[in-house]
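Student: Got a model open here and I'd like a quick walk through it. Can we start with the strands?

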Amino acid sequence: MDLYEEYCAASLDYEQLGMMPQKRESAYFCTPLDSDVLGWIVIPNTTISYPLLQGEDNQYYLKHTWKKKWNTAGAIYLDYRNSPQLNDFHSIIYGHRRRDETMFSPLLGYKENSFYQEHPFVYV
């Protein structure tokens with residue numbers, strides 16, 4: 001699979017996420033996708049709405065999607081040294097900033113105060 005095909009495959013996988021519920025009250029959250037899925041990360045009114053994963057190291061999800069398929073798009077994941085309960089003083093979350101403005105690309109908007117005013121909360 002060449003780089004373009006990988007890019008398209010990852011885009012399709014992540015487009016499917018847009019059809020999944022975002023509310024924590026949903027039955028969807030009662031059945032984890034996988035043992036590495038900790039929860040969901042959402043910034044309302046942006047495209048950031050993804051499963052939050054945690055692997056045994058910080059390399060695996062750098063090049064694997066949330067479906068555990070090898071792909072350069074990777075996934076959104078918590079540092080392996082952080083507590084999965086997110087109760088550390090600092091929790092480090094990794095993700096790519098893709099050219100198609102998915103994954104963590106919208107975070108660039110926080111350079112502008114107006115973006116922060118419109119999107120003050122990140123929910124995990």
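Tutor: Sure. S1 and S2 pair in the antiparallel sense, over five bridges. Keep in mind that this is a predicted model.

Student: Give me one pair in that ladder. Which residue in S2 is the bridge partner of Gly39?

Tutor: Leu52 is the partner of Gly39 there.

Student: And how many residues sit between the strands in that hairpin?

Tutor: Six residues lie between S1 and S2. Asn45, in this hairpin, takes a positive phi near 65°.

Student: Is S1 largely enclosed or not, and why?

Tutor: S1 is largely enclosed by the rest of the structure, because five of its six residues are buried.

Student: Zoom out. What does the secondary structure of the whole chain come to?

Tutor: Two helices and four strands. From the N terminus, the order is α-β-β-β-β-α.

Student: How much of the chain counts as buried?

Tutor: 38% of the 124 residues. The accessible surface comes to about 8,000 Å². Carbon and sulfur atoms hold 55% of that surface.

Student: What about contacts between residues far apart in sequence?

Tutor: Take contacts between residues at least 6 apart in sequence. Of these, 47% join residues at least 24 apart.

Student: Switching to charges. How many salt bridges does the structure hold?

Tutor: Two. In general, side chains of opposite charge can pair when their charged atoms come close. One of the salt bridges joins Asp36 and Lys68, with the closest N and O atoms 3.5 Å apart. That pair links distant parts of the chain, 32 residues apart. Asp36 is in the loop between helix H1 (3-17) and strand S1 (37-42). Lys68 is in the loop between S2 and S3.

Student: Asp36 and Lys68: buried or exposed?

Tutor: Asp36 counts as buried, because its relative accessibility is 17% and the cut-off for buried is under 20%. Lys68 counts as partly exposed, at 34%.

Student: Which side chains meet in the salt bridge at 2.9 Å, N to O?

Tutor: Those of Arg81 and Asp79. Arg81 is exposed, with a relative accessible area of 58%. Asp79 is buried, with a relative accessible area of 2%.

Student: What else does the side chain of Asp79 touch? I mean polar contacts.

Tutor: The side chain of Asn58 makes a polar contact with the side chain of Asp79, at 2.9 Å. The Asn58 side chain also reaches the backbone nitrogen of Tyr80, at 3.0 Å.

Student: Where does Asn58 lie?

Tutor: In the loop between strand S2 (49-53) and strand S3 (77-78). Asn58 counts as buried, because its relative accessibility is 11%.

Student: Which residues is Asn58 in contact with, leaving aside neighbours within four places in sequence?

Tutor: Tyr77, Leu78, Asp79, Tyr80, Arg81 and Tyr94. So both partners of the 2.9 Å salt bridge are among the contacts of Asn58, with Asp79 buried.

Student: Last topic: the surface. Which residues make the nonpolar patch?

Tutor: Leu86, Val122 and Val124 make a nonpolar surface patch of about 210 Å².

Student: Where is the place of Leu86?

Tutor: Leu86 is in the loop between S3 and strand S4 (93-94). At 30% relative accessibility, Leu86 counts as partly exposed.

Key:
Residues are numbered from 1 along each chain as its sequence is written. This is a predicted model: local features need pLDDT of at least 70, side-chain atom pairs count only at pLDDT 80 or more; totals for chains, interfaces and linings use all residues. Side-chain values use heavy atoms; hydrogens and water are left out. Buried means under 20% relative accessible area, exposed over 50%, partly exposed in between (1.4 Å probe, protein chains only). A polar contact is a pair of N or O atoms within 3.5 Å; within protein, one must be able to donate a hydrogen and the other to accept it, and residues adjacent in sequence count only if both atoms are side-chain atoms. Contact means heavy atoms within 4.5 Å. Patches are made of residues with over 30% relative accessible area and no salt bridge: like charges are joined within 9 Å, nonpolar side chains (Val, Leu, Ile, Met, Phe, Trp, Tyr) within 5 Å. Accessible areas come from the Shrake-Rupley method with a 1.4 Å probe; for residues, only the protein chains shown count as cover. A salt bridge is a side-chain nitrogen of Lys or Arg within 4 Å of a carboxyl oxygen of Asp or Glu. Two strands pair if DSSP finds at least two bridges between them.
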